[in-house]
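Here are some exercises to work through with the model open beside you. Try each task on your own before you read its solution.

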Amino acid sequence: MTSRQSTAGSNSPSPRRRTVVKAAAATAVLAAPLAAAWPAGAVEAPAFLHGVASGDPLPDGILLWTRVTPTAEAVPGSGLGPDIEVGWVVARDKAFTTVVAKGSVTATAASDHTVKADVRGLAPATDYWFRFSAGGTDSPAARTRTAPAADAAVANLRFGVVSCANWEAGYFSAYRHLAARGDLDAWLHLGDYVYEYGTGEYGTRDTVVRQHAPTHEILTLADYRTRHGKYKTDPDLQALHTVAPVVAIWDDHEFANDAWSGGAENHTEGTEGAWTARQAAAKQAYFEWMPVRTAIAGTTYRRLRFGKLVDLSLLDLRSFRSQQVAVGNGSVDDPDRTITGRAQLDWLKAGLKSSDATWRLVGNSVMISPFAIGSLSADLLRPLAELLGLPKEGLALNPDQWDGYTDDRRELLAHLRSNAILNTVFLTGDIHMAWANDVPVDAGTYPLSASAATEFVVTSVTSDNLDDLLKVPEGTVTALAAPVIQLANRHVHWVDTDRHGYGVLDITADRAQMDYYVLSDKTKANATSSWARSYRTRSGTQKVERTYQPV
C-alpha cells in the first residue's frame with residue numbers, strides 16, 4: 001500500500017477440539033467458493049461494500065480505514081483485482097464544505113484492497129467527517145472524533161464497550177443501539193471481533209441464524225480475509241463504525257480458540273498447517289481489516305491518552321502467553337509461565353506508575369478477577385465448564401484467564417499496591433457474561449484484604465452464554481448460579497450469566513460508571529435494547545458499588 005497525502009494541517013477438524021454446540025448445519029459441505037459470499041454479478045465496481053471506519057484517536061489525528069472493490073471479481077480473499085487510487089477527505093462538517101485534510105492511497109490486491117490513512121494535524125477533542133472515493137464513486141460519509149489534548153482538563157468521557165460477536169449466533173443489534181446513541185467519544189472492542197470456526201461448529205443454540213463465509217474453519221490468509229470481509233458487510237457494525245472511532249484489541253478467536261504464543265486448542269499442527277503460518281495470516285488480515293495502529297509490530301498492545309482524565313492501556317494477551325495448563329499438567333502458579341510476556345508486563349507496570357491521569361483504564365481481553373466456580377450443581381457446572389473449556393468434573397478456575405497465570409497477576413496487583421496506584425479499572429470481555437468486580441490482592445481473605453483495582457466485564461454481543469447452552473429461558477441460570485458464584489467469590493458484586501448486550505462506560509473525575517444494556521433477542525434483526533444495571537467505582541476507593549440509574 002502506498003500513500004500520498006496533502007492536508008491543511010497534517011503530515012479435517014481436530015478430534016480434541018472443544019466445540020460448544022454442534023448445530024444441524026455442521027453436516028453441511030464445509031467448503032464454498034469465495035464468490036458465493038459476494039456474487040460477482042451483483043457488484044457495480046468500484047464500490048465500498050464494507051463500509052468505512054476510524055480508530056485509535058489521537059489529540060492531533062485519527063486513523064481512517066476502508067476497503068474498495070475495484071472490479072466485480074475482486075472479492076475479499078480472492079487476490080484478484082487491479083490497483084486503484086482511493087482518495088480521502090476530512091472536513092469539519094457533514095456537507096464537506098470545510099475541508100481540513102485530504103490525500104490519496106493506492107489499494108492493491110497485496111493488502112486485499114484495504115487502505116488506511118493516518119491523518120495528522122487535526123484539532124483535539126473535535127468532531128470530523130470523512131469519506132473515501134474511487135473511480136468516481138464516493139463511500140458513505142462517517143463521523144469521527146479526536147482525543148483531547150494530553151494536558152487538557154476533561155470533564156467527561158463516554159465509551160461504548162463490546163466483545164464476542166459470533167456471526168452465526170445472531171444479529172449485531174448491540175452495535176446498532178450503540179450507534180444510535182450519538183454520544184460516544186469512542187468505542188472499545190475487547191476481542192473476538194470475528195470467530196474462526198466452520199459453520200455450525202460454534203454455539204448457536206443449535207440454530208445457525210445466518211451463515212458466515214467461508215463455511216469452513218478459517219486457516220489461510222484468504223480465509224481470514226474472507227471472514228473479516230463478511231463481518232464488515234453487517235449493517236449494524238457498519239453503522240457503529242460510521243459514528244465513532246473504535247479502539248480494538250484481539251483475543252483468541254481472531255486466531256483460534258484458546259490461542260497462545262506457540263499454538264491453540266483449536267489448531268492441529270500439520271493437519272491444519274503450521275501454527276506460525278496461521279498466526280501470521282490471522283495477524284495480517286486483522287491489521288488489514290481493522291483501523292488499528294501497532295505500537296510494536298505484530299501486537300495490539302499500545303496506549304492512548306484522553307486528556308488528564310484517562311490513560312488507556314491496551315493489552316495483547318495472546319501473542320506472548322505460555323500454553324494454558326491442563327489438569328495434572330503444569331501449575332497455574334509456575335513463575336515461568338506468563339500471560340503477558342515480560343516486556344509487555346514491564347510496559348504496563350511502568351505506564352500505570354508514571355500516569356498522571358485521574359483514571360487508568362486497561363483494555364483487557366480475559367478476566368483478571370479470580371473466579372472460583374463454587375458448589376454448583378452438576379446441571380449448572382457442566383455447561384459452565386463447557387463454556388470455559390474446563391473439564392466437566394469441575395475445576396476451581398479458568399486457566400485461559402489470568403487465573404491460569406497467577407504469578408503475573410500477583411506481580412501486577414502488588415505493583416499497584418506498593419506504588420499506591422489508584423483508580424485502575426480493567427475493562428474485559430471474553431467470558432460471555434456481565435460482571436462487576438473488585439480485584440482483590442488476596443481473594444481467599446477478601447473482603448478483609450485489600451482491593452487493588454476494579455473490573456467491569458461486558459457480556460457477549462451474540463456468542464452463547466449459559467442459558468443458550470442449556471437451552472432454557474433467559475434469566476433461569478442467573479437466578480440459580482449467581483448466588484452460588486457470589487458466595488464463592490466475595491469480590492463479585494454482580495454477575496449475569498444469561499443475557500447479551502453491551503456496556504457504556506461514563507467517566508468523570510469523581511467516578512467511572514458502567515451501564516449494562518441487554519438485548520431482547522439476539523436472533524432477531526430488530527432486537528430492542530434496555531438498561532439492565534449500573535455499577536461505578538468512585539475515585540480513590542478501588543471498590544465497585546451499585547448505582548440505580550444509568551448516566
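## Exercise 1: Helix α9

**Task.** Which residues of α9 are buried, and where does this helix kink?

**Solution.** Start with the list: the buried residues of α9 are V477, T478, A481, A482 and I485. Next, think about how a helix turns. An α-helix has 3.6 residues a turn, so residues three or four places apart point the same way. Now go for the kink. Helix α9 covers residues 476–488, and a kink of about 30° lies at A482, shortly before the proline P483. So A482 turns up twice here, because it is under the 20% limit that makes a residue buried and it is also where the kink lies.

## Exercise 2: How far to trust it

**Task.** What is the average pLDDT of this chain, and which stretch scores below 50?

**Solution.** Keep in mind that this is a predicted model. Take the whole chain to begin with: the average pLDDT is 90, and 89% of the residues score at least 70. Then look at residues 1–41, where the pLDDT is below 50. That stretch still has 117 contacts in the model, beyond near neighbours in sequence.

## Exercise 3: Helix α2

**Task.** How many of the residues of α2 are buried, and what do they pack against?

**Solution.** Find residues 221–231 and count: 9 of the 11 residues are buried, so the helix is mostly covered. Go through them by name and you get D223, Y224, R225, T226, R227, H228, G229, K230 and Y231. Last step, check the partners: these buried residues pack against α3 (235–241) and α4 (275–289).

## Exercise 4: Aromatic rings

**Task.** How many aromatic pairs does the structure hold, and how are the rings of F172 and Y175 arranged?

**Solution.** The overall tally is 21 aromatic pairs. One of them joins F172 and Y175, with 5.3 Å from centre to centre and 70° between the planes. Planes over 60 degrees apart count as edge-to-face, so that's the label for this pair. Is either ring buried or exposed? F172 has 0% relative accessibility, so it counts as buried, and Y175, at 1%, is buried too.

For another pair, try W494 and Y516: it is edge-to-face as well, at 4.8 Å centre to centre with 65° between the planes. W494 belongs to strand β21 (residues 492–496) and Y516 to strand β23 (residues 511–519), so this pair ties together parts that are 22 residues apart in sequence. Both W494 and Y516 are buried.

Now widen the view around F172. Together with W167, Y175, W187, Y193 and Y231, F172 forms one aromatic cluster. There's a charge to spot too: R210 lies over the face of F172, 4.6 Å from the ring centre. Elsewhere, R303 lies over the face of W347, at 4.0 Å from the ring centre.

## Exercise 5: Serine S369

**Task.** Is S369 buried or exposed, and which side chains does its own side chain meet in polar contacts?

**Solution.** Place the residue: S369 sits in the loop between β17 (359–364) and α6 (378–388). Its relative accessible area is 0%, so S369 is buried. Then check its side chain. There is a polar contact with the side chain of N437 at 3.3 Å, and another with the side chain of E455 at 2.5 Å. Setting aside neighbours within four places in sequence, the residues in contact with S369 are D403, R409, N437, D438, V439, E455 and H491.

## Exercise 6: Far in sequence, what in space?

**Task.** How far apart are the C-alpha atoms of A150 and V310, and those of I62 and T146?

**Solution.** Begin with A150, in the loop between β9 (142–145) and β10 (157–162). With 38% relative accessibility, A150 is partly exposed. A150 and V310 are 160 residues apart along the chain, and their C-alpha atoms are separated by 9.4 Å. Residues that A150 touches, not counting those up to four places away in sequence, are P59, R305, G307 and K308.

Move on to I62, in strand β3 (residues 61–67). I62 counts as buried, because its relative accessibility is 0%. From I62 to T146 there are 84 residues in sequence, and 6.4 Å in space, C-alpha to C-alpha. Beyond four places in sequence, the residues I62 touches include S54, A117, L122, T144 and R293.

Technical notes: Residues are numbered from 1 along each chain as its sequence is written. This is a predicted model: local features need pLDDT of at least 70, side-chain atom pairs count only at pLDDT 80 or more; totals for chains, interfaces and linings use all residues. Side-chain values use heavy atoms; hydrogens and water are left out. Helices (H or I, at least four residues) and strands (E, at least two) are DSSP runs, numbered from the N terminus. Buried means under 20% relative accessible area, exposed over 50%, partly exposed in between (1.4 Å probe, protein chains only). Contact means heavy atoms within 4.5 Å. The bend at a residue is the angle between axes fitted to the seven residues ending there and the seven starting there. A polar contact is a pair of N or O atoms within 3.5 Å; within protein, one must be able to donate a hydrogen and the other to accept it, and residues adjacent in sequence count only if both atoms are side-chain atoms. Rings of Phe, Tyr and Trp (its six-membered ring) pair if their centres lie within 6.5 Å; planes under 30 degrees apart count as stacked, over 60 as edge-to-face and the rest as tilted. A charge sits over a ring if NZ of Lys or CZ of Arg is within 6 Å of the ring centre and within 35 degrees of the ring normal. pLDDT is the predictor's confidence in each residue, from 0 to 100.
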